[in-house]
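Welcome to the tour. Open the structure in your viewer, keep the selection tool at hand, and follow the stops below.

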Amino acid sequence: MPRKGKKTKTPLSDEEQLLLLQQKLLAEEEMAKKKERLLSQFLKDKLAKEEQNSALNLNKINTQWRTVLREVKTKELLKDIEILSQTFERVVDCKDSVIKSLAKDLSEAEEQYAHALRSHLHNVDQLLALQRCRLRLLEESYNMELEVLTKEFETERKTIIDQHEEEIHYLQDVFMAMEQNYIDSEYESKLEFQSMWDDLKNKNLEEKHFLRIQLENIVEDLWRRFQDALKNYTDATEDRKIAFETLKVKDEKSSKEIEAQMKKIQKLQEAISISKSKILMHSRESEDQNQYIRNDKELVLIQLRKLKAQRTQAREVSQENLVKLTLESNATLKALRKIVDKGEKILKLAEICRKYETEEEKVLPFYSSVLTPKVQEETEEQNPEELTMELARVMVDYTGMENFWKRYNKVKLEQLSLQHRRAQLLEINGKLREMLKQYLDGISVSDEVLSQFNPLFIVNHQSNLSQPLSTPAAQSGSTSPPGPKRDQGRSLFPGLS
C-alpha cells in the first residue's frame, strides 16, 4: 500500500519538456540582459567619476600654472595687452560695420518675408475658392446621379416584385409536382444515404489515423528546430563578447584622447571668456533694436496663427463633407450591389423555370383577350372611371405589365380549372367506391351482409332493397348480373371510360 503523504511524480510529456526548456532559456536571456545592463551602468559610473577627477586635476594644474605665468610673464603680458588694445579697437570698428550691414540685411529679409507671406495667403485663398467650386460641382453631379439612380431603382423594383410574385405562383405549382416525384425517390435516396454514411465513416477512421501519424512527425520536426535555434543563439553571443572586448580597448583610447582635448578646451575657454566680455558691451547696444524687431515678429506670428486656425477650420469642414460624401456613396454602392445580386438570382430562377414550360407556352406565351366587344363595353359601363392626368400617367407606367398579367391570368385560370376538375374527380371516385362496395356486399354471403339490405338477395322475384335507384339503368341493374352492373357505372360517368 503506498503512503498517503507521498505523491507519485508523473513523467513529463514532450510538450511540457519543451515549455520548461523555453522558460529556462527565457530566464537565461533575462539574466544575460541584466548583466549587460549592470556592466554598462558600472562603466558609465566609472567614466563619470574619471571625468570628475580629471576636471579637478585640470583645475589644480591650471591654478598652479597660472601663478607661475603671472610671476614670469607679467612684462610680456603688459606689452601684449597694449598690442591687443590696438587690435581690439580695430576689430570693434570692423564688428560695428558688420552689425550695421547685418541689421540692414535683417530689415530687408523681414520685408521680403512679409511680401512672401502676403502672396502665399493670396494663393491659399484662391486655392480654397477653387476647392469650394469643385466641391459644389461634385455635389450637384452627385445629386443628379442619385436622383436618376433612385428612379431607375424604383422602376426595376416594381418589375422585379411583379416577376417575383409570378414566379412564386409558378413555383408553387412546380412544388406540387415535385412532391409527388420526391415521394417516389425517397426510398432510393435513403438506401443511398445509408451506404454513403458507412463509406464516410470508414474514410474518417482512416483519415484520423493518418493525421495522428502526421502530427507525431510535426512534433519531432519542431524539437529539431528548437535544438538548431539554441545552437545559433550560443554562436551569436560569442560574437557579442568579442565585440565587447574591442569596445573596451577603444574606450581606454578615447579616455586618453578626452584628457588631451580637455586641455585644449581649457585654453579655448579662457579666450572665449575674454571675447564674451567684449560681446556683452555690443549686445547691450543691439538689445534695443532686437526688442523692436521681436515685437514686430510677435505681431506677425499672432496674425499667422489666426490665419492657420481659419485654414484648419476650413480643412476640417471640407474633410467632413468628403467623409459624408464617401459614406453615402459607399452605402449606395452596397445597396446597388444587393439589388444586382437579387436581379441575378431572379434571372437564374427564371432560366430554371423556363425548362419546365410546355411547348404550347414556349410557342404562344401570351393569349389574346377572350372577351367579346359587347362584354368589354358592359364591364366598362359597370365600372366607369374618369380619365384624369394622374390616372393616364399610371396607365402609361403599367402598359409594360400587360403581357405579365396575361401570363399570370392564364396560369391562374389553369390552376382554378385543375382544382375544379380535381373536385369533380373526387366526387366521381366517391360514387364509384360506393357502387363497388355495394357490389362486393352483394357477392359475399355473411350474417352481417344478410342483416342489411342486399340488392342481389331476391326471394319470389323481389329484392330486400327498400328504395331502388331512380334511373332506369339502375332499375334494370337490380335484376341484372354483376357484369352489366359494372357497365352501368361506366355509363353514369363516361369521362372515366
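Start by selecting Arg 225, which counts as exposed because its relative accessibility is 53%; buried means under 20% relative accessible area, exposed over 50%, and partly exposed in between, with a 1.4 Å probe and protein chains only. Before you go on, note that this is a predicted model, in which local features need pLDDT of at least 70 and side-chain atom pairs count only at pLDDT 80 or more, while totals for chains, interfaces and linings use all residues. Residues are numbered from 1 along each chain as its sequence is written, and side-chain values use heavy atoms, with hydrogens and water left out.

Now add Asp 221 to your selection. Its side chain meets that of Arg 225 in a salt bridge (3.6 Å, N to O); the term stands for a side-chain nitrogen of Lys or Arg within 4 Å of a carboxyl oxygen of Asp or Glu. Asp 221 and Arg 225 both lie in helix α2, four residues apart, about one turn of the helix. Helices here are DSSP runs of H or I with at least four residues, and strands are runs of E with at least two, numbered from the N terminus.

Which other side chain meets Asp 221 in a salt bridge? Select Arg 224: the N to O distance is 3.3 Å. This pair also belongs to helix α2, three residues apart. Asp 221 is partly exposed, at 28% relative accessibility, and so is Arg 224, at 48%.

Next, jump to helix α6 (residues 402-443), where Glu 427 and Lys 431 sit four residues apart, about one turn of the helix. Here, too, is a salt bridge, with the closest N and O atoms 3.9 Å apart. Glu 427 is exposed, with a relative accessible area of 51%, whereas Lys 431 is partly exposed at 38%. Back at the earlier stop, shared partners join Asp 221, Arg 224 and Arg 225 into one salt-bridge network. The structure holds three salt bridges.

For a change of chemistry, select Leu 39, Phe 42, Leu 43 and Phe 244. Together they form a nonpolar patch on the surface with about 380 Å² of accessible area. Patches are made of residues with over 30% relative accessible area and no salt bridge, with like charges joined within 9 Å and nonpolar side chains (Val, Leu, Ile, Met, Phe, Trp, Tyr) within 5 Å; the areas come from the Shrake-Rupley method with a 1.4 Å probe, and for residues only the protein chains shown count as cover. Helix α1 (residues 14-72) supplies the largest share, three residues. Phe 244 lies in helix α2 (residues 74-354) and is partly exposed, at 38% relative accessible area.

Now highlight residues 251-278, which UniProt lists as "coiled-coil region" in an unreviewed entry. UniProt positions are given in the numbering used here, feature names are shortened, and annotations may be inferred rather than shown by experiment. In the model, this stretch is 100% helix and 0% strand, with its end C-alpha atoms 39 Å apart.

One last selection: Leu 69, Leu 77, Lys 267, Glu 270 and Ile 274.
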